[in-house]
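Good morning, and thank you for coming. I shall introduce one protein today, beginning with a single residue and then moving outward. Please look at the sequence and the model as they appear.

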Amino acid sequence: MVDQPVISRAEPEPGIVVLTLNDPRRGANTMSQAVLAEFATHLDALQARDDLAGLVVRSGKPGMYIAGADLREFAEWLDADTEQVHAVCQRGRDLFRRL
């Protein structure tokens, strides 16, 4: 799990939310399972709102957005069965489809 939040939430104007990804442990933001879970928590809270007019998802890393999936986690799944790997990948796709 992530020790501290990687995603911060700000509301610079009423109804406009900015989610900023910034993993202080890494030089690049990656979408690990822990970060995806944190992202889902933010989306759950935002989805419950009826006053949301806009959402901005940005990186806190200068000149860089998100490197992609956490390849260290993929290395851990080498011995996992195909269905388990598919379920993990589907979780990420479902989360981004919510946007």
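Leaving aside neighbours within four places in sequence, which residues is Asp23 in contact with? They are Val6, Asn29 and Lys61, where contact means heavy atoms within 4.5 Å.

Before going further, I should say that this is a predicted model, in which local features need pLDDT of at least 70 and side-chain atom pairs count only at pLDDT 80 or more, while totals for chains, interfaces and linings use all residues. Residues are numbered from 1 along each chain as its sequence is written, and side-chain values use heavy atoms, with hydrogens and water left out.

Let me return to Asp23, which is placed in the loop between strands S2 and S3. Helices (H or I, at least four residues) and strands (E, at least two) are DSSP runs, numbered from the N terminus. With a relative accessible area of 1%, Asp23 is buried; the term buried means under 20% relative accessible area, exposed means over 50%, and partly exposed lies in between, using a 1.4 Å probe and protein chains only. From Asp23 to Leu71, 48 residues apart in sequence, the C-alpha atoms are 15 Å apart in space.

The loop between S2 and S3 (30-31) also holds Arg25. Arg25 is partly exposed, at a relative accessible area of 43%. Its C-alpha atom is separated by 9.3 Å from that of Val6, and the two residues are 19 apart along the chain.

I now turn to strand S4. Val56 is found in S4, which covers residues 54-59. Val56 counts as partly exposed, at 39% relative accessibility. Apart from neighbours within four places in sequence, Val56 is in contact with Val17, Val18 and Leu19. Between Val56 and Val18 the C-alpha distance is 4.7 Å, although their positions lie 38 residues apart in sequence as the separation is counted. Gly54 belongs to S4 as well. Not counting residues up to four places away in sequence, Gly54 touches Gly15, Ile16 and Val17. Gly54 and Ile16 are 38 residues apart in sequence, and their C-alpha atoms are 4.8 Å apart.

Next, the helices. Two packed helices are described by the angle between their axes and the distance between the axes. For helix H1 (residues 33-47) and helix H3 (residues 82-98), the axes come within 10 Å and cross at roughly 30 degrees. Axes here are lines fitted to C-alpha atoms, for helices over the stretch in contact, and angles run from 0 to 180 degrees between N-to-C directions. H1 and H3 are therefore roughly parallel to each other. Which residues of H1 meet H3? They are Gln33, Leu36, Ala37, Phe39, Ala40, Leu43, Asp44 and Gln47, and their partners in H3 are Val88, Arg91, Gly92, Leu95, Phe96 and Arg98. By class, this contact has eight nonpolar, three polar and three charged residues.

H1 also brings us to the interior. The largest nonpolar core has 13 residues, of which Ile7, Leu19, Met31, Val35, Phe39 and Leu95 touch the most other members. The elements giving two or more residues to this core are strand S2 (16-21) and H1. H1 gives the most, with six residues.

Finally, the whole protein. How many helices and strands are there? There are three helices and five strands, in the order β-β-β-α-β-β-α-α along the sequence. The C-alpha trace spans about 45 × 30 × 20 Å along its principal axes. Of the 99 residues, 33% are buried. Among contacts between residues at least 6 apart in sequence, 72% join residues at least 24 apart.

Terms used: Angles under 35 degrees count as roughly parallel, over 145 as roughly antiparallel, 65 to 115 as roughly perpendicular and the rest as oblique. Ala, Val, Leu, Ile, Met, Phe, Trp, Tyr, Cys and Pro count as nonpolar, Asp, Glu, Lys and Arg as charged, and the others, Gly among them, as polar. A nonpolar core is a set of buried Ala, Val, Leu, Ile, Met, Phe, Trp, Tyr and Cys residues joined through side-chain atoms within 4.5 Å.
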